[in-house]
Amino acid sequence: DPATSDELAAEKRRADAAEEKAAEELARADAAEELAAEQEQRARNAEAEAEADRECSDAQHEELVQLKAQCDNMATELNALHDSLLNDCLLYTSDAADEEDSVDLGGRRIIKKKKRRKKRMEERTKRETK
């Protein structure tokens with residue numbers, strides 16, 4: 001019967017269209033699943049990189065702390081050495097024994113002038129206080 005064969009052909013077309021639609025939806029679902037897996041992998045990679053950065057940053061921070069401590073120690077040692085050199089550096093000349101608190105550096109006259117001025121100021125102060 002032609003009507004039945006037309007109905008069967010229409011039914012087959014609908015079934016083929018439904019099957020094609022199901023295949024397309026299945027392909028979209030597979031693509032979405034693949035995309036989700038890729039995004040999950042990217043997230044894991046980003047997390048691993050962030051952890052590596054944190055570890056590197058922690059290691060770099062610790063190294064910087066150690067370097068700063070070393071620099072501080074060196075600065076302390078340099079200051080102590082500087083102070084030691086300033087305190088321990090003695091200059092001796094043949095006139096050093098004659099001068100109790102001064103050393104002749106070629107400017108003995110200037111040193112003596114300062115001593116004379118100091119003595120004069122002391123004498124004036126004594127006279128004025130009397």
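Let's start with a single residue, R54, which counts as partly exposed because its relative accessibility is 44%. You'll find R54 in helix α1. Its side chain joins that of E51 through a polar contact of 2.7 Å. Keep in mind as you look around that this is a predicted model.

Now zoom out from R54 to the whole chain. What is it built from in terms of helices and strands? The chain has 2 helices and 0 strands. Helix α1 covers residues 2-88, and helix α2 takes in residues 108-129. How much of the chain is buried? Of its 130 residues, 5% count as buried. As for the surface, the chain exposes about 12100 Å², and 54% of that is supplied by carbon and sulfur atoms.

With that picture in mind, let's walk along helix α1 and look at some charged pairs. The salt bridge count comes to 6, and we'll visit a few of them. One of them links the side chains of K12 and D16, with an N to O distance of 3.4 Å. Both residues sit in helix α1, 4 residues apart, and that spacing is about one turn of the helix. Are the two partners buried or exposed? K12 has 52% relative accessibility, so it counts as exposed, the cut-off being over 50%. D16 has a relative accessible area of 38%, so D16 is partly exposed.

Further along, E38 forms a salt bridge with R42, and here the closest N and O atoms are 3.8 Å apart. E38 and R42 are also both in helix α1, with their positions 4 residues apart in the count, or about one turn of the helix. E38 is partly exposed because its relative accessible area is 35%. R42, on the other hand, has a relative accessible area of 53%, so R42 is exposed.

Next up is the salt bridge between E40 and R44, where the closest N and O atoms are 2.7 Å apart. Why are these two separated by about one helical turn? It's because E40 and R44 are 4 residues apart in helix α1. E40 counts as partly exposed because its relative accessibility is 48%. R44 also counts as partly exposed, at 43% relative accessibility.

Salt bridges aren't the whole story on charge, though. Go back along the chain and look at E19, E20, E24 and E25, which gather in a patch of negative charge on the surface. Take E25 as an example: it is found in helix α1. E25 has a relative accessible area of 41%, so it is partly exposed. Residues need over 30% relative accessible area and no salt bridge to be part of a patch.

Which residues make up a positive surface patch? That patch is formed by R117, R120, R124 and R127. For this one, you'll want to move to helix α2, where R124 lies. R124 is partly exposed because its relative accessible area is 45%.

Our last stop is a patch without charge. L78, L81 and L85 form a nonpolar patch on the surface, and together they have about 320 Å² of accessible area. L78 has its place in helix α1. Is L78 buried or exposed? L78 is exposed, because its relative accessible area is 56%.

So what should you take away from the tour? The chain has 2 helices and 0 strands, and 5% of its 130 residues count as buried. Helix α1 holds salt-bridged pairs, including K12 with D16 and E38 with R42. On the surface you can pick out the negative patch of E19, E20, E24 and E25, the positive patch of R117, R120, R124 and R127, and the nonpolar patch of L78, L81 and L85.

Key: Residues are numbered from 1 along each chain as its sequence is written. This is a predicted model: local features need pLDDT of at least 70, side-chain atom pairs count only at pLDDT 80 or more; totals for chains, interfaces and linings use all residues. Side-chain values use heavy atoms; hydrogens and water are left out. Patches are made of residues with over 30% relative accessible area and no salt bridge: like charges are joined within 9 Å, nonpolar side chains (Val, Leu, Ile, Met, Phe, Trp, Tyr) within 5 Å. Accessible areas come from the Shrake-Rupley method with a 1.4 Å probe; for residues, only the protein chains shown count as cover. A salt bridge is a side-chain nitrogen of Lys or Arg within 4 Å of a carboxyl oxygen of Asp or Glu. Lys and Arg count as positive and Asp and Glu as negative; His and the chain ends are not counted. The place of a charge is taken as NZ of Lys, CZ of Arg, CG of Asp or CD of Glu. Buried means under 20% relative accessible area, exposed over 50%, partly exposed in between (1.4 Å probe, protein chains only). A polar contact is a pair of N or O atoms within 3.5 Å; within protein, one must be able to donate a hydrogen and the other to accept it, and residues adjacent in sequence count only if both atoms are side-chain atoms.
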